[in-house]
Amino acid sequence: MDGIEKITGRIAADASQEIAAIQAEARRQADEIAGRYEAQARRESEDILARGRRAADERVERLASVAQLDARKLELSAKQEMLARAYDRALEKLTGLPDGAYTDLLAQLAVEASSTGREAVILSPKDRARYGKAAVTRANEKLGDGHLTLSEQTRPIQGGLILSDGDVEVNCSFETLVRLIRGETDREVAKVLFD
């Protein structure tokens with residue numbers, strides 16, 4: 001029995017060695033596979049992080065661009081508001097001139113706008129009562145042979161006048177004159193205000 005035990009022992013020892021060799025080979029292959037997948041996972045992780053960083057950088061750039069655009073819009077809006085206030089202030093100064101200067105200004109406007117010297121001068125209700133006769137008289141004096149008349153009509157204007165010759169009217173109201181001159185002077189006024 002000794003022989004059989006030796007053979008079985010030998011077979012068992014060979015089997016153990018073979019098992020150990022197979023296990024070692026399996027471990028080596030498993031370690032190799034695990035290493036490859038670890039490296040692949042690391043590469044993919046780095047790629048995902050890099051894409052995430054690029055996406056975050058692009059988002060930051062877009063948000064910065066939008067913020068700059070919004071800031072420019074706000075600045076432009078503020079500048080437009082300041083320009084509008086400057087012209088409103090100019091209109092206030094025109095309507096707030098001293099009586100003599102205001103009357104002279106109305107007369108000068110009538111003279112410059114008159115084409116026949118026979119138009120009717122239309123004023124605001126306040127200006128008609130306060131300056132109407134004097135302004136028309138001065139305008140006729142400046143025209144020499146002027147026959148401007150003070151109209152019974154009034155208009156809801158802040159200041160200035162409207163000359164009427166039948167169906168033709170020349171609008172010299174301060175609001176209209178300021179609006180017309182604004183297109184020509186916006187650039188210069190902006191320089192004064194913002195430079």
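**Aromatic pairs, salt bridges and a buried serine**

Two kinds of side-chain pairing and one loop residue are described here; the structure holds 2 aromatic pairs, and the model from which they are taken is predicted. In one of these pairs, Tyr102 and Tyr131 adopt a tilted arrangement, with 4.6 Å from centre to centre and 45 degrees between the planes. This pair links distant parts of the chain, since Tyr102 belongs to helix H2 (residues 99-113) and Tyr131 to helix H3, 29 residues apart. Tyr102 counts as buried because its relative accessibility is 1%, and Tyr131, at 6% relative accessibility, counts as buried too.

Tyr102 also forms an aromatic pair with Phe174, which is edge-to-face, with the centres 5.8 Å apart and 90 degrees between the planes. Because Tyr102 lies in helix H2 and Phe174 in helix H4 (residues 174-194), this pair ties together parts that are 72 residues apart in sequence. Phe174 is buried, its relative accessible area being 2%. Through these ring pairs, Tyr102, Tyr131 and Phe174 are linked into a cluster.

Helices H2 and H3 are also linked by charged side chains. The structure holds 11 salt bridges, among them one between Asp99 and Arg130, whose closest N and O atoms are 3.0 Å apart. Asp99 lies in helix H2 and Arg130 in helix H3, so the pair ties together parts that are 31 residues apart in sequence. Asp99 is partly exposed at 40% relative accessibility, whereas Arg130 is exposed, with a relative accessible area of 52%. A salt bridge of 2.6 Å, N to O, joins the side chains of Arg138 and Asp104; here Arg138 is in helix H3 and Asp104 in helix H2, 34 residues apart. Arg138 is partly exposed, with a relative accessible area of 31%, and Asp104 counts as partly exposed at 36% relative accessibility.

Salt bridges that share partners join Glu25, Arg28, Glu32 and Arg36 into one network. Within this group, the side chains of Glu32 and Arg36 meet at 3.1 Å, N to O, and both residues lie in helix H1 (residues 2-95), 4 residues apart, or about one turn of the helix. Glu32 is partly exposed at 41% relative accessibility, as is Arg36, with a relative accessible area of 47%.

Ser124 is found in the loop between strand E1 (120-123) and helix H3 (125-143), and counts as buried because its relative accessibility is 3%. A polar atom of the Ser124 side chain lies 3.1 Å from the backbone nitrogen of Asp127. When residues up to four places away in sequence are not counted, Ser124 touches Thr154, Arg155 and Ile157.

Methods:
Residues numbered from 1 in each chain as written. Predicted model: local features only at pLDDT ≥ 70, side-chain atom pairs only at ≥ 80, totals over all residues. Heavy atoms only, no water. Helix = DSSP H or I, 4+ residues; strand = E, 2+ residues; numbered from the N terminus. Buried < 20%, exposed > 50% of the residue type's maximum accessible area, 1.4 Å probe, protein only. Polar contact = N/O pair within 3.5 Å; in protein donor to acceptor, adjacent residues only side chain to side chain. Contact = heavy atoms within 4.5 Å. Phe/Tyr/Trp six-rings, centres within 6.5 Å; stacked < 30°, edge-to-face > 60°. Salt bridge = Lys/Arg side-chain N within 4 Å of Asp/Glu carboxyl O.
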